[in-house]
Amino acid sequence: MSEFKSGFVAIIGKPNAGKSTLLNQFLGEKLAIVTRKAQTTRHRIMGILTEDNYQIVFSDTPGILDAKYKMHERMLEEIKNVRKDTDVLLFVMDVNDDLEENLELLKEYKTNKPVIFILNKVDTIHKKDLQELGEQITAAANPQRIISISAQEGIRTDQLIEHIVDLLPVHPPYFNEDNMSDRPVRFFVEEIIREKIFKLLSKEIPYHTAVHIRSYKDKETLTKIEADIVVTRETQKIIMIGKGGGMIRKISEQSRADIEEFIQRKVFMELRVKVRKDWRDSDIFLKEYGY
Ligand SMILES: Nc1nc2c(ncn2[C@@H]2O[C@H](COP(=O)(O)OP(=O)(O)OP(=O)(O)O)[C@@H](O)[C@H]2O)c(=O)[nH]1
Ligand SMILES: [Mg+2]
């Protein structure tokens, strides 16, 4: 029998490349929230995949962007930190995105560890274009491996796992096999609510919003959750609540359904909308909201 392999694998790339979709595909579980909007992920999320002869500790990270707020600076710091203790770096690019820009980012973010360059969303383009892209990437960056996949459809994601395991060091597992993530349930609850806000509200508002669990109590027959939705302006609060409370009710109902599925218990939820001007630039609020 071959020796057990184990290591840390960071998933990095531009916003909307499909990093969180890939993490979920690897784990066969919806751990990270996914939306059509860019900049969905704000925190590193660990996802642990344990099999008979390997354990891969994935870290999904926020998309790399220009920092406009302190919140973004925190996100970039997190990516830089994750990168440091990684055994293999997965660089994810949307095949439809600009290659030059991605190569620049890879240059800036790569370490001395092996890189797998992932061309994602191949379900959206022709095969012929792919070959040319691959040649350009090899010429410019010469990563250890290049693979084209569809994170969403699960195309070649199994082969990708084989590539990763191939590059991992021989090492005993870092985590107990029952663990799937390093984050507590509260974190996932906040993320589920944030996902509904991204999906239900258009344009800018989701980017101004934080979700903070005020209270989480497991009662006998149900779990009672009180959460704050934090926005930066009074006008946003009005939209978040909606006519006759219609919007906040939708957010609450859709989140509750997903949370119940996630924790396998009945949930009673109470959402409150709060205005905190400039929370994205305030050290105090960023800390309170987990950034
Ligand atoms: N067609 C297609 N769409 C995909 C694929 N992978 C991801 N997507 C879509 O791309 C969008 C962004 O996916 P995410 O997984 O949230 O991207 P991300 O890189 O985590 O984005 P940030 O968290 O903003 O950095 C979503 O609408 C996904 O459904 C794929 O393989 N094919
Ligand atoms: Mg993401």
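Biologist: How do the residues of the shell around ligand 1 divide into nonpolar, polar and charged?

Modeller: This is a predicted model, by the way. The split is six nonpolar, 14 polar and five charged. Gly counts as polar here, so G18 and G63, two of the residues that come nearest to ligand 1, go into the polar group.

Biologist: Which element gives the largest share of that shell?

Modeller: Helix α1, residues 19-27, with three residues. The chain has nine helices and nine strands.

Biologist: Why is T40 called buried?

Modeller: Count the C-beta atoms. T40 has 21 others within 10 Å, and the cut-off for buried is 20 or more, so T40 passes. Over the chain, buried residues make up 35% of the 291.

Biologist: Where does T40 lie, and what is it in contact with beyond its neighbours within four places in sequence?

Modeller: T40 lies in the loop between α1 and β2. Its contacts are S20, I33, V34, T35 and F198; to count, the C-beta atoms have to lie within 7 Å. There's also P206, 166 residues along the chain from T40, with the two C-alpha atoms separated by 9.0 Å.

Biologist: What makes the radius of gyration of the chain agree with a compact globule?

Modeller: Set one value against the other. For 291 residues the globule would have a radius near 19 Å, and the chain has 20 Å, so the two agree. The C-alpha trace spans about 55 × 40 × 35 Å along its principal axes.

Note on methods
Residues numbered from 1 in each chain as written. Chains lettered and ligands numbered in written order. Predicted model: local features only at pLDDT ≥ 70, side-chain atom pairs only at ≥ 80, totals over all residues. Near = placed C-beta within 6 Å. Helix = DSSP H or I, 4+ residues; strand = E, 2+ residues; numbered from the N terminus. Rg over C-alpha atoms; globule rule 2.2 N^0.38 Å. Buried ≥ 20, exposed ≤ 12 C-beta atoms within 10 Å, placed from the backbone. Contact = placed C-beta atoms within 7 Å.
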